[in-house]
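Got the viewer open? Let's take a walk through this one, stop by stop, with something to select at each.

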Amino acid sequence: SFIIFIIYFLYIELSSLNLSIVIPTNGRVSLVERLLKSLISERKAYPYGETEVLIVNSGDENDAEQIEKLCHTYQAIFIPGENSVRKKRNLGIKNAQYEVVLFLDSDVAATDGLLKYHAEGFLNATEENLGGVFGLTRFVGRKTWWWKVVEQTTYLDSFSFAERFPYNSWTIGNNVSFYRSVLLEVGMFEVNFPFPLGGDDLDMTYRITKSGYLIKSCPQAVTLHSTETWNHPKAIYDRTHRWGSMDYFLSQRHPEIFVDCIPKSGILFAGAFLAGGILSALFRSGQSLFHVLLWFLLHVIIVYIYDCIHGEGGNPLYYAMGKMIRAFYRMYYQKAGLKNHDISCIHKEMSFSLEQTKYMQKRENAVFSIYLITFLVMLLSVCIGRLI
């Protein structure tokens, strides 16, 4: 019986994993309450040890008082922090008392088994160098006109990495857990980026894999993300500005993940419109500018058809708005580079794998070919017009 007791004791010890759940927020009282409610049953059903929830909040005093009351009601720890997601996450790491830290955003809710699946990702690991476990994020809520535009961008891609790849070279900062020792080893989140949020999760998680650790996918661990914080133009613009600008600073920090690419159509057409405008002014005729406009419209239509054939098209209005947002994203990336007297931003783009690079190059070659073909068609139409 003594041997059985020892075996049982060792089994319990080896199959235990205590979790610290870090949630940065800036107010968002109703969303925080929804998340804390969803975590109550999860924490009670958690079979592998102890859990703690750390709410690191910035914002006005009224919101802070309400969130502190919620923390008392739902057995969470309230920590006041600065208005910087990076600093709040780091504060959560420093205050965490358990060996694994799970990061959740304040605008998500937990689903059944979330904590258990994260723990089992570590406990059942066969990888010696496992550093983290990444779950799946699904979006729920009202799908407004603006949401349908967001669906035509690449902004949502990373939320589904967990069901697309077995391992990840980087992740978002939601529904992802790491050994606390690994977070401390890589220096936690970088706080000296120029924006209070954006890009820091990519940077920190990529530094983890760069250090030799694996981030394993666990698509069974699901959080439900509210569309509420995405459903208006200001939210989309703010993300476009931050994320586009942050690409440049990430290219300086991790140049190996930025590869050469053909300059985008937006840059080429900007030069064409400039040339057309100068010629129109010199000859006091709008024909040159008109021809460039026709060329541009023809190019856009053919690229749209190409994307539809390859399953990336959709409603033409949402598609056009999505491409416009992507163009602004690139503009902010290039603006940040040019402000730092760096023209590499014109011909560099982020890529994390050979497969991604091949896909990018295939599409770039196709779009550039369309660019040349439509240019020749435009020249031919001008020549025919003059002959007639």
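One bit of vocabulary before we start: a charge sits over a ring if NZ of Lys or CZ of Arg is within 6 Å of the ring centre and within 35 degrees of the ring normal. With that in mind, select K116 and Y117: the charged end of K116 sits over the ring of Y117, 4.3 Å from its centre. Then pick R326 and Y329, where the charged end of R326 sits over the Y329 ring at 4.7 Å from the centre. Keep in mind throughout that you are looking at a predicted model.

**The whole thing**

Zoom out and show the cartoon. The protein has 14 helices and 10 strands, and its C-alpha atoms fill a box of roughly 100 × 45 × 40 Å along the principal axes. Of the 388 residues, 49% are buried. Take the contacts with a separation of 6 or more: 79% of them are between residues 24 or more positions apart.

**The sheet**

Now colour the strands. In what order do the eight strands of the open sheet run? Going across, you meet β3-β2-β1-β4-β7-β6-β8-β5, and the pairing is mixed. Select 77-80 and 108-110 to find the edges: β3 and β5 each have a single partner strand, so one side of each is left without a neighbour in the sheet. Look along the sheet and you'll see the twist, which averages 30 degrees from one strand to the next.

Next, select β1, residues 19-26. On one side, β1 runs parallel to β4 (residues 100-103), with four bridges joining them; click I21 and its bridge partner in β4 is L102. β1 also pairs with β2, again in the parallel sense, over eight bridges. For that pairing, click I23, whose bridge partner in β2 is I55.

Stay on β2 (51-58) and show its side chains. Which residues point which way? T51, V53, I55 and N57 go one way, and E52, L54, V56 and S58 go the other, all of them buried. That makes eight of eight residues in β2 buried.

Bring in helix α2, residues 29-45. It lies across β1, β2, β5, β6 (130-140) and β8 (214-226), and runs at about 15 degrees to β5.

**The cores**

Switch to spheres for the nonpolar side chains. The largest nonpolar core has 52 residues, and F103, F178, L183, I208 and W230 have the most contacts inside it. Helix α13 (residues 316-339) gives the largest share of this core, five residues. There's a second, separate core of 34 residues, which includes C71, Y74, L104 and A110.

Centre on F178 for a closer look. Beyond its sequence neighbours up to four places away, F178 touches a list of residues including F103, F122, L183, M204, I208 and I215.

**The aromatics**

Show all the rings: there are 27 aromatic pairs in the structure. Start with F139 and F159. The ring centres are 4.9 Å apart and the planes are at 75 degrees, so the pair is edge-to-face. F139 is in strand β6, while F159 is in the loop between α6 (145-150) and α7 (161-164), 20 residues apart. Are these two buried or exposed? F139 has a relative accessible area of 18%, which is buried, and F159 counts as buried at 8%; the cut-off for buried is under 20%.

Jump to F269 and F296 for another edge-to-face pair, with 5.2 Å centre to centre and 80 degrees between the planes. F269 lies in helix α11 (residues 265-283) and F296 in helix α12 (residues 287-309), so the pair ties together parts that are 27 residues apart in sequence. F269 is buried at 3% relative accessible area, whereas F296 counts as partly exposed at 30%.

Go back to F139 and widen the selection: F139, W147, Y155, F159, W230, W243 and Y329 form one aromatic cluster. Two names there are familiar: W230 was listed for the largest core, and Y329 is the ring under the charged end of R326.

**Last stop**

Select T227, in the loop between β8 and α10 (233-253). T227 is buried, with a relative accessible area of 1%. Leaving out residues up to four places away in sequence, T227 touches F139, V140, G141, R142 and W147. Two of those contacts, F139 and W147, belong to the aromatic cluster you just selected.

How values were computed
Residues numbered from 1 in each chain as written. Predicted model: local features only at pLDDT ≥ 70, side-chain atom pairs only at ≥ 80, totals over all residues. Heavy atoms only, no water. Core = buried A, V, L, I, M, F, W, Y, C linked by side-chain atoms within 4.5 Å. Buried < 20%, exposed > 50% of the residue type's maximum accessible area, 1.4 Å probe, protein only. Helix = DSSP H or I, 4+ residues; strand = E, 2+ residues; numbered from the N terminus. Contact = heavy atoms within 4.5 Å. Pairing = 2+ DSSP bridges. Axes fitted to C-alpha atoms, helices over the stretch in contact; angles between N-to-C directions. Phe/Tyr/Trp six-rings, centres within 6.5 Å; stacked < 30°, edge-to-face > 60°.
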